[in-house]
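Me: I would like to go through this model by asking what justifies each of the terms applied to it. Please set each value against its cut-off before you conclude.

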Amino acid sequence: MGIDAGMWKLAGSSSSSSTCRRFHASSLGGSSGEVKALVVDDSRINQMLHHKLLDNLGVENLVVCNGKEAVDIHVSGKQFDLILMDIDMPVMNGIEATRKLRDMGIRSVITGISSHTLDHVKQEFIAAGIDEYHEKPLTSAKLLSILNKIKHKD
Amino acid sequence: MVRPMPHIFTSTGLPLWLLGWGAEFLRAEMSRLLALLFHQGVLDEQFLQLQQLQDESSPNFVYEVTSIYFSESEKLLRNLKLLLMEKELSDYRKIEIHLNQFMGSSSSIGANRVRNVCVTFRAATEENNRIGCLRALELLENEYYYLKNKLHEFFQIEQQRSLAARVRYPMQD
């Protein structure tokens with residue numbers, strides 16, 4: 001699809017929000033090996049967690065720090081089957097990023113992941129174009145159900 | 001033939017050779033501590049999820065994630081304190097933003113009681129209730145430092161157990 005499977009790579013060790021980490025995980029050849037995912041989250045903890053969850057399921061994945069990077073990576077030509085999108089992020093939040101991606105014609109499954117329990121925020125996220133919404137934290141079981149839906153959709 | 005063991009002592013004061021038998025004891029101590037934290041509601045099943053993600057390719061995954069959590073949480077606590085100490089506090093939205101981050105990261109590592117206090121704190125910000133916020137901040141600090149101390153204890157025991165499990169003593173040669 002345009003994603004190069006590569007070795008694990010961790011860029012930078014600073015914990016500042018301006019430092020973005022990109023994780024490239026080679027497919028482990030598991031049952032989810034054909035699915036490619038993009039994690040969009042500014043939190044280091046959630047980046048590590050979601051990357052590891054996807055990696056353990058054999059899903060090739062990339063991590064970016066905010067909505068603008070998610071949009072830019074699509075503009076560069078990369079495509080994903082699944083986008084895990086956080087809401088609150090600097091530069092561009094998840095709601096705006098989702099709107100932009102849909103306006104660009106991106107049809108990937110976008111799953112909103114957030115700790116927001118406020119209804120109006122959830123509604124705004126849904127209206128922006130996410131396919132489903134999950135409360136943080138994302139668990140293996142939730143992720144498996146999302147991946148199964150993608151596989152059956154294909 | 002039994003070889004004499006050198007007189008090496010660990011940080012606990014126990015002789016190194018004794019640790020070989022101590023690995024199981026320490027494993028039991030870890031389980032007991034975790035059971036207590038679950039029983040108290042300090043941790044929830046998300047912490048077990050973290051442990052399940054730890055494997056040979058990421059042998060220190062739980063420690064690394066919780067270390068980042070501690071570092072980020074203390075920054076958030078400092079920021080919250082500074083905001084609430086402002087003479088003319090009017091921007092509760094900034095407090096809410098920090099709280100959402102704190103809630104999110106606490107949920108992600110299974111810090112259940114910390115997360116619950118964040119929810120109460122957020123309710124106080126929505127009411128622009130400064131006194132309520134100050135009380136919630138104090139409670140948040142108490143819960144956070146209790147969690148931190150207990151998890152430090154857990155990781156120390158894990159480190160000792162790991163060391164003990166690697167010790168070879170004469171009877172096994």
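**Exposure, patch and interface**

Reply: In this predicted model, B:Met85 is exposed because its relative accessible area is 53%, and the term requires over 50%. The residue belongs to helix 3 of chain B, which spans residues 61–85.

Me: What makes B:Met85, B:Ile131 and B:Leu134 a nonpolar surface patch?

Reply: Residues of a patch must have over 30% relative accessible area, and nonpolar side chains are joined within 5 Å; B:Met85, at 53%, passes the first of these cut-offs. Together with B:Ile131 and B:Leu134 it makes a patch of about 280 Å².

Me: Why is the pairing of B:Asp55 and A:Lys52 called a salt bridge?

Reply: The N to O distance between their side chains is 3.1 Å, and the rule asks for a Lys or Arg nitrogen within 4 Å of a carboxyl oxygen of Asp or Glu, so the pair qualifies. Across the interface of chain B and chain A, the rule finds 1 salt bridge, while 5 residue pairs are counted in polar contact. On the side of chain B that touches chain A, helix 4 gives the most, with 8 residues.

Me: How do you know what area is buried between chain B and chain A?

Reply: The size of an interface is often given as the accessible area lost when the parts come together. Here that area is about 1,800 Å², with carbon and sulfur atoms giving 56%. In chain B, the residues that lose the most area to chain A are B:Leu53, B:Ile68 and B:Ser108, together 26% of what that side buries. The contact takes 25 residues from chain B and 18 residues from chain A.

Technical notes: Residues numbered from 1 in each chain as written. Chains lettered and ligands numbered in written order. Predicted model: local features only at pLDDT ≥ 70, side-chain atom pairs only at ≥ 80, totals over all residues. Heavy atoms only, no water. Patch = residues over 30% accessible without salt bridge, like charges linked within 9 Å, V, L, I, M, F, W, Y side chains within 5 Å. Areas by Shrake-Rupley, 256 points an atom, 1.4 Å probe, with all protein chains shown as cover. Helix = DSSP H or I, 4+ residues; strand = E, 2+ residues; numbered from the N terminus. Buried < 20%, exposed > 50% of the residue type's maximum accessible area, 1.4 Å probe, protein only. Contact = heavy atoms within 4.5 Å. Buried area = accessible area lost by both parts, 1.4 Å probe. Polar contact = N/O pair within 3.5 Å; in protein donor to acceptor, adjacent residues only side chain to side chain.
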